[in-house]
Amino acid sequence: FRFNIDQRLIDPHHPCGAGFIFRLDLLQQWIACVDREIVFGFAFTGKFHSCFYRWITERCMVAHSPLDDRVSITDERIAVSTTEAFTMGRFHKERFMKPENKLPVLASISDEMRAVLNVRQDDLPPWPAADDVPAMRQHYILERRFWNADAPQMPTREYALPTRWGEVTTRLYSPTPDSQATLFYLHGGGCILGNLDTHDRIMRLLASYTQCTVIGVDYSLSPEARFPQAIEETIAACQFFYQQADDYQLNMTHIGFAGDSAGAMLSLASALWLRDKHIFCGKVAGVLLWYGLYGLQDSASRRLMGGDWDGLSRQDLEMYEKMYLRDADDRESPYYCLFNNDLTRDVPPCFIAGAEFDPLIDDSRLLFETLQAHQQPCEYKMYPGTLHAFLHYSRMMKSADDALRDGARFFTQQINAAR
(Lines give C-alpha, C1' and ligand atoms only; values in the text may rest on other atoms or scores of the structure.)
Protein backbone atom coordinates (compact mmCIF):
# COMPACT_ATOMS: atom_id res chain seq x y z
CA PHE A 1 0.00 0.00 0.00
CA ARG A 2 1.11 3.56 -0.59
CA PHE A 3 0.15 6.75 1.17
CA ASN A 4 1.50 10.27 1.33
CA ILE A 5 2.69 12.03 4.46
CA ASP A 6 4.59 15.26 4.87
CA GLN A 7 6.80 14.19 7.78
CA ARG A 8 9.62 11.73 7.28
CA LEU A 9 10.92 9.91 10.33
CA ILE A 10 14.23 8.33 9.46
CA ASP A 11 15.45 5.25 11.32
CA PRO A 12 18.92 4.23 10.16
CA HIS A 13 18.83 1.17 12.44
CA HIS A 14 16.01 -0.52 10.54
CA PRO A 15 17.31 -3.79 8.98
CA CYS A 16 15.82 -2.90 5.61
CA GLY A 17 17.67 0.40 5.51
CA ALA A 18 16.55 3.96 6.04
CA GLY A 19 12.83 4.35 6.31
CA PHE A 20 9.94 4.78 8.72
CA ILE A 21 8.83 2.54 11.53
CA PHE A 22 5.41 2.89 13.08
CA ARG A 23 3.66 1.07 15.89
CA LEU A 24 -0.07 0.51 15.96
CA ASP A 25 -1.23 1.38 19.48
CA LEU A 26 -4.20 -0.98 19.56
CA LEU A 27 -2.62 -4.08 18.06
CA GLN A 28 0.91 -3.50 19.36
CA GLN A 29 2.20 -4.78 16.05
CA TRP A 30 5.16 -3.41 14.17
CA ILE A 31 4.81 -2.02 10.68
CA ALA A 32 7.78 -1.04 8.57
CA CYS A 33 7.59 1.71 6.01
CA VAL A 34 10.59 1.82 3.73
CA ASP A 35 10.87 4.37 0.94
CA ARG A 36 7.26 5.47 1.56
CA GLU A 37 5.96 1.94 1.02
CA ILE A 38 4.21 0.04 3.78
CA VAL A 39 5.38 -3.51 4.50
CA PHE A 40 3.44 -5.53 7.04
CA GLY A 41 4.95 -8.30 9.06
CA PHE A 42 5.88 -9.96 12.27
CA ALA A 43 9.34 -9.00 13.54
CA PHE A 44 9.99 -7.27 10.23
CA THR A 45 9.91 -10.40 8.13
CA GLY A 46 8.03 -8.49 5.47
CA LYS A 47 5.19 -11.00 5.39
CA PHE A 48 1.86 -9.36 4.68
CA HIS A 49 -0.86 -9.68 7.31
CA SER A 50 -4.17 -8.87 5.66
CA CYS A 51 -6.19 -7.62 8.60
CA PHE A 52 -3.81 -4.80 9.61
CA TYR A 53 -4.67 -2.35 6.87
CA ARG A 54 -8.32 -2.19 7.84
CA TRP A 55 -7.49 -1.09 11.38
CA ILE A 56 -5.02 1.50 10.19
CA THR A 57 -7.46 3.32 7.96
CA GLU A 58 -9.25 4.68 11.01
CA ARG A 59 -6.46 4.97 13.57
CA CYS A 60 -3.30 6.93 14.17
CA MET A 61 0.16 5.44 14.01
CA VAL A 62 2.80 6.19 16.61
CA ALA A 63 6.37 6.55 15.42
CA HIS A 64 8.69 4.24 17.28
CA SER A 65 11.66 1.97 16.75
CA PRO A 66 11.72 -1.46 18.42
CA LEU A 67 15.45 -1.71 17.81
CA ASP A 68 16.79 1.35 19.55
CA ASP A 69 14.85 3.37 22.13
CA ARG A 70 17.19 6.30 21.55
CA VAL A 71 15.49 6.99 18.23
CA SER A 72 11.96 6.46 19.50
CA ILE A 73 9.52 9.27 18.82
CA THR A 74 6.61 7.95 20.82
CA ASP A 75 4.84 11.25 21.33
CA GLU A 76 4.48 12.28 17.73
CA ARG A 77 1.38 10.95 16.06
CA ILE A 78 0.89 10.86 12.35
CA ALA A 79 -2.74 10.66 11.27
CA VAL A 80 -3.44 8.78 8.08
CA SER A 81 -6.81 9.54 6.54
CA THR A 82 -9.01 6.84 5.08
CA THR A 83 -8.83 8.38 1.63
CA GLU A 84 -5.05 8.63 1.69
CA ALA A 85 -4.40 5.33 3.32
CA PHE A 86 -4.68 1.71 2.48
CA THR A 87 -7.11 0.62 -0.21
CA MET A 88 -6.74 -2.60 -2.09
CA GLY A 89 -6.66 -0.65 -5.33
CA ARG A 90 -3.30 0.86 -4.34
CA PHE A 91 -1.68 -2.42 -3.44
CA HIS A 92 1.16 -3.06 -5.84
CA LYS A 93 0.74 -5.91 -8.24
CA GLU A 94 4.31 -7.05 -7.80
CA ARG A 95 3.82 -7.39 -4.05
CA PHE A 96 0.61 -9.38 -4.44
CA MET A 97 1.97 -12.26 -6.50
CA LYS A 98 4.28 -12.43 -9.44
CA PRO A 99 2.18 -14.08 -12.20
CA GLU A 100 4.79 -16.75 -12.85
CA ASN A 101 4.44 -17.93 -9.24
CA LYS A 102 0.70 -18.58 -9.43
CA LEU A 103 -0.54 -22.15 -9.65
CA PRO A 104 -0.94 -23.70 -13.14
CA VAL A 105 -4.68 -23.95 -12.61
CA LEU A 106 -5.77 -24.75 -16.16
CA ALA A 107 -3.27 -27.61 -16.34
CA SER A 108 -4.54 -29.02 -13.04
CA ILE A 109 -8.33 -29.01 -13.31
CA SER A 110 -10.32 -32.19 -13.85
CA ASP A 111 -11.24 -33.52 -17.28
CA GLU A 112 -14.91 -32.70 -16.80
CA MET A 113 -14.06 -29.16 -15.72
CA ARG A 114 -11.85 -28.77 -18.78
CA ALA A 115 -14.67 -30.03 -20.99
CA VAL A 116 -16.90 -27.26 -19.62
CA LEU A 117 -14.29 -24.63 -20.44
CA ASN A 118 -14.07 -25.99 -23.98
CA VAL A 119 -17.80 -25.51 -24.64
CA ARG A 120 -18.30 -22.79 -27.24
CA GLN A 121 -21.57 -20.91 -27.57
CA ASP A 122 -21.36 -19.35 -31.01
CA ASP A 123 -24.18 -16.88 -30.40
CA LEU A 124 -22.39 -15.26 -27.44
CA PRO A 125 -20.79 -11.85 -27.98
CA PRO A 126 -17.39 -11.14 -26.40
CA TRP A 127 -17.36 -10.42 -22.67
CA PRO A 128 -17.96 -6.67 -22.31
CA ALA A 129 -15.79 -4.09 -20.59
CA ALA A 130 -15.78 -4.17 -16.78
CA ASP A 131 -17.41 -0.73 -16.52
CA ASP A 132 -20.41 -1.74 -18.68
CA VAL A 133 -22.56 -3.39 -16.01
CA PRO A 134 -25.78 -3.68 -18.10
CA ALA A 135 -23.85 -5.45 -20.87
CA MET A 136 -22.18 -7.76 -18.34
CA ARG A 137 -25.58 -8.69 -16.93
CA GLN A 138 -27.01 -9.43 -20.34
CA HIS A 139 -24.00 -11.53 -21.32
CA TYR A 140 -24.28 -13.51 -18.08
CA ILE A 141 -27.96 -14.22 -18.72
CA LEU A 142 -27.29 -15.40 -22.27
CA GLU A 143 -24.33 -17.57 -21.28
CA ARG A 144 -26.28 -19.33 -18.51
CA ARG A 145 -29.21 -20.32 -20.77
CA PHE A 146 -27.32 -23.31 -22.14
CA TRP A 147 -26.43 -24.55 -18.65
CA ASN A 148 -29.99 -24.21 -17.33
CA ALA A 149 -31.54 -26.53 -19.92
CA ASP A 150 -33.04 -29.95 -19.12
CA ALA A 151 -33.81 -29.19 -15.50
CA PRO A 152 -36.49 -31.12 -13.55
CA GLN A 153 -40.01 -29.93 -14.17
CA MET A 154 -42.21 -28.92 -11.26
CA PRO A 155 -44.85 -26.31 -10.42
CA THR A 156 -43.45 -22.80 -10.01
CA ARG A 157 -45.05 -19.54 -8.94
CA GLU A 158 -43.77 -15.98 -8.92
CA TYR A 159 -44.74 -13.24 -6.51
CA ALA A 160 -43.65 -9.63 -6.15
CA LEU A 161 -43.28 -8.82 -2.46
CA PRO A 162 -43.44 -5.37 -0.89
CA THR A 163 -40.32 -4.20 0.95
CA ARG A 164 -39.20 -0.80 2.17
CA TRP A 165 -36.94 -0.68 -0.90
CA GLY A 166 -39.74 -1.49 -3.34
CA GLU A 167 -41.02 -4.74 -4.79
CA VAL A 168 -38.80 -7.81 -4.87
CA THR A 169 -39.63 -10.76 -7.11
CA THR A 170 -39.57 -14.28 -5.68
CA ARG A 171 -40.02 -17.64 -7.40
CA LEU A 172 -41.39 -20.68 -5.57
CA TYR A 173 -40.39 -24.19 -6.69
CA SER A 174 -42.77 -26.83 -5.31
CA PRO A 175 -41.62 -30.44 -5.91
CA THR A 176 -44.31 -31.84 -3.62
CA PRO A 177 -47.42 -30.53 -1.84
CA ASP A 178 -46.05 -32.00 1.40
CA SER A 179 -42.83 -30.03 1.73
CA GLN A 180 -40.79 -30.70 4.86
CA ALA A 181 -39.41 -27.15 5.02
CA THR A 182 -38.77 -23.99 2.99
CA LEU A 183 -35.33 -23.19 1.62
CA PHE A 184 -34.48 -19.64 0.51
CA TYR A 185 -31.95 -19.49 -2.32
CA LEU A 186 -29.74 -16.46 -3.01
CA HIS A 187 -27.94 -16.53 -6.33
CA GLY A 188 -24.29 -15.70 -6.95
CA GLY A 189 -22.84 -13.19 -9.37
CA GLY A 190 -20.82 -10.89 -7.14
CA CYS A 191 -24.02 -9.06 -6.09
CA ILE A 192 -23.93 -7.25 -9.45
CA LEU A 193 -24.93 -10.07 -11.86
CA GLY A 194 -27.50 -12.84 -11.98
CA ASN A 195 -31.21 -13.35 -11.42
CA LEU A 196 -33.72 -16.14 -10.93
CA ASP A 197 -33.25 -17.39 -14.50
CA THR A 198 -29.44 -17.67 -14.33
CA HIS A 199 -29.75 -20.07 -11.38
CA ASP A 200 -32.99 -21.79 -12.33
CA ARG A 201 -31.51 -25.28 -12.81
CA ILE A 202 -29.66 -25.12 -9.48
CA MET A 203 -32.88 -24.24 -7.64
CA ARG A 204 -34.89 -26.92 -9.44
CA LEU A 205 -32.35 -29.61 -8.61
CA LEU A 206 -32.14 -28.46 -5.02
CA ALA A 207 -35.93 -28.60 -4.69
CA SER A 208 -35.99 -32.06 -6.27
CA TYR A 209 -33.21 -33.46 -4.07
CA THR A 210 -34.55 -32.01 -0.79
CA GLN A 211 -38.25 -32.43 -1.60
CA CYS A 212 -38.65 -29.00 -0.03
CA THR A 213 -40.10 -25.81 -1.41
CA VAL A 214 -37.30 -23.60 -2.67
CA ILE A 215 -37.86 -19.84 -2.84
CA GLY A 216 -35.49 -17.87 -5.04
CA VAL A 217 -35.15 -14.24 -3.99
CA ASP A 218 -34.36 -11.84 -6.84
CA TYR A 219 -32.65 -9.31 -4.60
CA SER A 220 -31.68 -5.90 -5.96
CA LEU A 221 -28.26 -5.78 -7.57
CA SER A 222 -25.32 -3.46 -7.01
CA PRO A 223 -24.13 -0.84 -7.71
CA GLU A 224 -27.70 0.48 -7.83
CA ALA A 225 -28.46 -1.20 -4.50
CA ARG A 226 -25.69 -1.11 -1.92
CA PHE A 227 -24.97 -3.17 1.17
CA PRO A 228 -26.97 -4.19 3.18
CA GLN A 229 -30.04 -3.85 0.95
CA ALA A 230 -29.88 -7.40 -0.47
CA ILE A 231 -29.81 -8.84 3.05
CA GLU A 232 -32.70 -6.68 4.21
CA GLU A 233 -34.76 -7.69 1.18
CA THR A 234 -34.08 -11.34 1.96
CA ILE A 235 -35.19 -10.86 5.55
CA ALA A 236 -38.33 -9.09 4.34
CA ALA A 237 -39.13 -12.05 2.08
CA CYS A 238 -38.69 -14.46 5.00
CA GLN A 239 -40.96 -12.41 7.22
CA PHE A 240 -43.61 -12.07 4.51
CA PHE A 241 -43.83 -15.78 3.77
CA TYR A 242 -43.74 -16.68 7.46
CA GLN A 243 -46.67 -14.39 8.16
CA GLN A 244 -48.57 -15.55 5.05
CA ALA A 245 -47.52 -19.21 5.10
CA ASP A 246 -51.06 -20.61 4.96
CA ASP A 247 -52.05 -18.36 2.05
CA TYR A 248 -49.08 -19.58 0.00
CA GLN A 249 -49.27 -23.25 1.11
CA LEU A 250 -45.82 -23.14 2.71
CA ASN A 251 -44.31 -25.11 5.57
CA MET A 252 -42.34 -22.45 7.41
CA THR A 253 -41.86 -24.44 10.60
CA HIS A 254 -38.30 -25.08 9.46
CA ILE A 255 -36.46 -22.91 6.99
CA GLY A 256 -32.99 -22.71 5.53
CA PHE A 257 -30.77 -20.53 3.39
CA ALA A 258 -28.64 -21.57 0.45
CA GLY A 259 -26.44 -19.79 -2.05
CA ASP A 260 -23.40 -19.92 -4.26
CA SER A 261 -20.48 -17.48 -4.31
CA ALA A 262 -21.77 -14.04 -3.22
CA GLY A 263 -25.11 -15.73 -2.60
CA ALA A 264 -23.41 -17.94 -0.01
CA MET A 265 -22.19 -14.85 1.80
CA LEU A 266 -25.69 -13.36 1.69
CA SER A 267 -27.18 -16.63 2.93
CA LEU A 268 -25.01 -16.85 6.03
CA ALA A 269 -25.32 -13.11 6.61
CA SER A 270 -29.11 -13.42 6.50
CA ALA A 271 -29.11 -16.27 9.01
CA LEU A 272 -26.88 -14.28 11.37
CA TRP A 273 -29.04 -11.18 10.87
CA LEU A 274 -32.11 -13.13 12.02
CA ARG A 275 -30.22 -14.41 15.06
CA ASP A 276 -28.68 -11.08 16.05
CA LYS A 277 -31.83 -9.02 15.61
CA HIS A 278 -34.11 -11.63 17.19
CA ILE A 279 -36.33 -12.04 14.14
CA PHE A 280 -38.22 -15.33 13.95
CA CYS A 281 -39.37 -16.68 10.60
CA GLY A 282 -39.29 -20.36 11.49
CA LYS A 283 -36.41 -22.39 12.91
CA VAL A 284 -33.32 -22.12 10.70
CA ALA A 285 -32.48 -25.80 10.22
CA GLY A 286 -29.44 -25.32 8.00
CA VAL A 287 -27.43 -23.09 5.70
CA LEU A 288 -25.94 -24.44 2.44
CA LEU A 289 -22.86 -22.56 1.27
CA TRP A 290 -21.15 -23.27 -2.03
CA TYR A 291 -17.76 -21.57 -2.57
CA GLY A 292 -18.62 -18.32 -0.81
CA LEU A 293 -16.57 -15.34 0.30
CA TYR A 294 -16.89 -14.51 3.96
CA GLY A 295 -14.55 -11.62 4.68
CA LEU A 296 -10.93 -12.39 3.91
CA GLN A 297 -9.14 -9.55 2.14
CA ASP A 298 -6.03 -11.60 1.42
CA SER A 299 -5.15 -15.29 1.57
CA ALA A 300 -2.83 -17.85 0.04
CA SER A 301 -5.55 -19.06 -2.34
CA ARG A 302 -6.31 -15.52 -3.52
CA ARG A 303 -2.64 -15.04 -4.33
CA LEU A 304 -2.08 -18.41 -5.95
CA MET A 305 -5.25 -18.63 -8.05
CA GLY A 306 -7.77 -16.56 -9.97
CA GLY A 307 -7.59 -15.27 -13.52
CA ASP A 308 -9.43 -14.74 -16.79
CA TRP A 309 -10.84 -18.27 -16.71
CA ASP A 310 -12.94 -17.65 -13.59
CA GLY A 311 -13.31 -13.86 -13.49
CA LEU A 312 -11.78 -13.72 -10.00
CA SER A 313 -8.52 -11.91 -10.47
CA ARG A 314 -7.50 -9.44 -7.78
CA GLN A 315 -8.89 -6.62 -9.93
CA ASP A 316 -12.20 -8.47 -10.40
CA LEU A 317 -12.64 -8.99 -6.66
CA GLU A 318 -11.87 -5.33 -6.00
CA MET A 319 -14.47 -4.30 -8.57
CA TYR A 320 -17.20 -6.47 -7.00
CA GLU A 321 -16.45 -5.15 -3.54
CA LYS A 322 -16.34 -1.52 -4.68
CA MET A 323 -19.73 -1.85 -6.36
CA TYR A 324 -21.37 -3.66 -3.44
CA LEU A 325 -20.20 -1.67 -0.42
CA ARG A 326 -21.18 1.90 0.42
CA ASP A 327 -17.77 2.86 1.79
CA ALA A 328 -14.58 1.43 3.26
CA ASP A 329 -16.15 1.10 6.72
CA ASP A 330 -18.55 -1.55 5.40
CA ARG A 331 -15.62 -3.93 4.99
CA GLU A 332 -15.67 -4.36 8.77
CA SER A 333 -19.41 -4.95 9.07
CA PRO A 334 -20.21 -8.32 10.66
CA TYR A 335 -22.64 -8.90 7.80
CA TYR A 336 -19.95 -8.48 5.13
CA CYS A 337 -16.83 -9.67 6.94
CA LEU A 338 -18.63 -12.52 8.63
CA PHE A 339 -15.50 -13.34 10.63
CA ASN A 340 -16.27 -10.13 12.54
CA ASN A 341 -19.58 -11.64 13.66
CA ASP A 342 -19.95 -13.94 16.64
CA LEU A 343 -19.36 -17.41 15.24
CA THR A 344 -19.02 -19.03 18.65
CA ARG A 345 -22.72 -19.49 19.45
CA ASP A 346 -26.08 -20.31 17.89
CA VAL A 347 -24.86 -20.57 14.31
CA PRO A 348 -27.27 -22.72 12.27
CA PRO A 349 -25.77 -25.96 10.92
CA CYS A 350 -23.64 -25.10 7.89
CA PHE A 351 -22.74 -27.18 4.86
CA ILE A 352 -19.61 -25.56 3.43
CA ALA A 353 -18.47 -26.54 -0.07
CA GLY A 354 -15.17 -25.51 -1.64
CA ALA A 355 -13.84 -25.76 -5.19
CA GLU A 356 -10.24 -26.96 -5.27
CA PHE A 357 -8.93 -24.28 -7.64
CA ASP A 358 -11.07 -21.40 -6.40
CA PRO A 359 -9.19 -18.30 -5.17
CA LEU A 360 -11.91 -18.00 -2.51
CA ILE A 361 -11.44 -21.49 -1.07
CA ASP A 362 -9.52 -20.17 1.94
CA ASP A 363 -12.67 -18.30 3.00
CA SER A 364 -14.51 -21.64 3.13
CA ARG A 365 -11.68 -23.40 4.95
CA LEU A 366 -11.40 -20.67 7.56
CA LEU A 367 -15.16 -20.57 8.09
CA PHE A 368 -15.22 -24.33 8.66
CA GLU A 369 -12.22 -24.26 10.99
CA THR A 370 -13.70 -21.38 12.98
CA LEU A 371 -17.08 -23.05 13.42
CA GLN A 372 -15.50 -26.39 14.20
CA ALA A 373 -13.21 -24.85 16.82
CA HIS A 374 -16.25 -23.45 18.62
CA GLN A 375 -18.32 -26.64 18.39
CA GLN A 376 -20.80 -25.15 15.95
CA PRO A 377 -22.44 -27.79 13.71
CA CYS A 378 -20.85 -27.80 10.28
CA GLU A 379 -19.59 -29.98 7.46
CA TYR A 380 -16.93 -29.14 4.88
CA LYS A 381 -16.34 -30.81 1.56
CA MET A 382 -13.88 -29.88 -1.17
CA TYR A 383 -14.61 -30.92 -4.76
CA PRO A 384 -11.36 -31.90 -6.52
CA GLY A 385 -10.43 -30.46 -9.88
CA THR A 386 -13.16 -27.81 -9.88
CA LEU A 387 -13.23 -24.07 -10.45
CA HIS A 388 -15.38 -21.40 -8.85
CA ALA A 389 -18.97 -21.49 -10.20
CA PHE A 390 -18.82 -25.20 -11.06
CA LEU A 391 -22.28 -25.70 -9.52
CA HIS A 392 -23.80 -24.29 -12.73
CA TYR A 393 -22.46 -27.11 -14.89
CA SER A 394 -24.41 -30.12 -13.66
CA ARG A 395 -25.44 -30.86 -17.26
CA MET A 396 -21.87 -32.03 -17.87
CA MET A 397 -20.19 -32.35 -14.46
CA LYS A 398 -20.98 -35.16 -12.05
CA SER A 399 -19.12 -33.27 -9.33
CA ALA A 400 -21.58 -30.37 -9.67
CA ASP A 401 -24.53 -32.72 -9.27
CA ASP A 402 -22.78 -34.41 -6.35
CA ALA A 403 -22.26 -31.04 -4.65
CA LEU A 404 -25.97 -30.26 -4.93
CA ARG A 405 -26.92 -33.71 -3.66
CA ASP A 406 -24.50 -33.38 -0.75
CA GLY A 407 -26.01 -30.07 0.28
CA ALA A 408 -29.53 -31.47 -0.07
CA ARG A 409 -28.59 -34.51 2.04
CA PHE A 410 -27.16 -32.26 4.75
CA PHE A 411 -30.29 -30.09 4.85
CA THR A 412 -32.59 -33.11 4.97
CA GLN A 413 -30.59 -34.55 7.85
CA GLN A 414 -30.89 -31.31 9.78
CA ILE A 415 -34.66 -31.19 9.25
CA ASN A 416 -35.07 -34.77 10.46
CA ALA A 417 -32.87 -34.10 13.47
CA ALA A 418 -34.88 -31.01 14.39
CA ARG A 419 -38.19 -32.83 14.47
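The following exchange discusses salt bridges, burial and strand pairing in a predicted model.

Colleague: On what basis are residues numbered and features accepted here?

Modeller: Residues are numbered from 1 along each chain as its sequence is written, and side-chain values use heavy atoms, with hydrogens and water left out. As this is a predicted model, local features need pLDDT of at least 70 and side-chain atom pairs count only at pLDDT 80 or more, whereas totals for chains, interfaces and linings use all residues.

Colleague: How many salt bridges does the model contain?

Modeller: A salt bridge is taken as a side-chain nitrogen of Lys or Arg within 4 Å of a carboxyl oxygen of Asp or Glu. By this rule the count is 23.

Colleague: Which helices does the salt bridge between Arg 302 and Asp 363 tie together?

Modeller: The side chains of Arg 302 and Asp 363 meet at 3.3 Å, N to O. Both residues are buried (under 20% relative accessible area; exposed is over 50%, partly exposed in between; 1.4 Å probe, protein chains only). Helices (H or I, at least four residues) and strands (E, at least two) are DSSP runs, numbered from the N terminus. Arg 302 lies in residues 300–304 and Asp 363 in residues 361–373, so the pair ties together parts 61 residues apart in sequence, namely helices α9 and α11.

Colleague: Is Arg 365, the salt-bridge partner of Asp 362, buried or partly exposed?

Modeller: Asp 362 and Arg 365 meet at 2.8 Å, N to O, and both lie in helix α11, three residues apart, about one turn of the helix. Asp 362 counts as buried at 15% relative accessibility. Arg 365 has a relative accessible area of 35%, and therefore it is partly exposed.

Colleague: With which side chain does Ser 301 make a polar contact?

Modeller: Ser 301 is in helix α9 and is buried, with a relative accessible area of 3%. Leaving aside residues up to four places away in sequence, Ser 301 touches (heavy atoms within 4.5 Å) residues including Asp 358 and Asp 362. A polar contact is a pair of N or O atoms within 3.5 Å; within protein, one must be able to donate a hydrogen and the other to accept it, and residues adjacent in sequence count only if both atoms are side-chain atoms. At 3.2 Å, the side-chain partner of Ser 301 is Ser 299.

Colleague: How many residues of helix α8 are buried?

Modeller: Helix α8 covers residues 262–276 and reaches 21 Å from its first C-alpha to its last, close to the 21 Å expected (1.5 Å times one less than its number of residues). This helix is largely enclosed by the rest of the structure, because the buried residues number 14 of the 15.

Colleague: Why is strand β8 described as largely enclosed?

Modeller: Thr 182, Phe 184 and Leu 186 are buried on one side of β8, and Leu 183 and Tyr 185 on the other, which leaves both faces covered. The strand is largely enclosed because the buried residues number five of the five.

Colleague: Which residue of β10 is the bridge partner of Leu 183?

Modeller: Two strands pair if DSSP finds at least two bridges between them. In the parallel sense, β8 pairs with β9 (residues 213–218) over four bridges and with β10 (residues 254–260) over five bridges. In β9, Phe 184 is bridged to Ile 215. In β10, the partner of Leu 183 is Gly 256.
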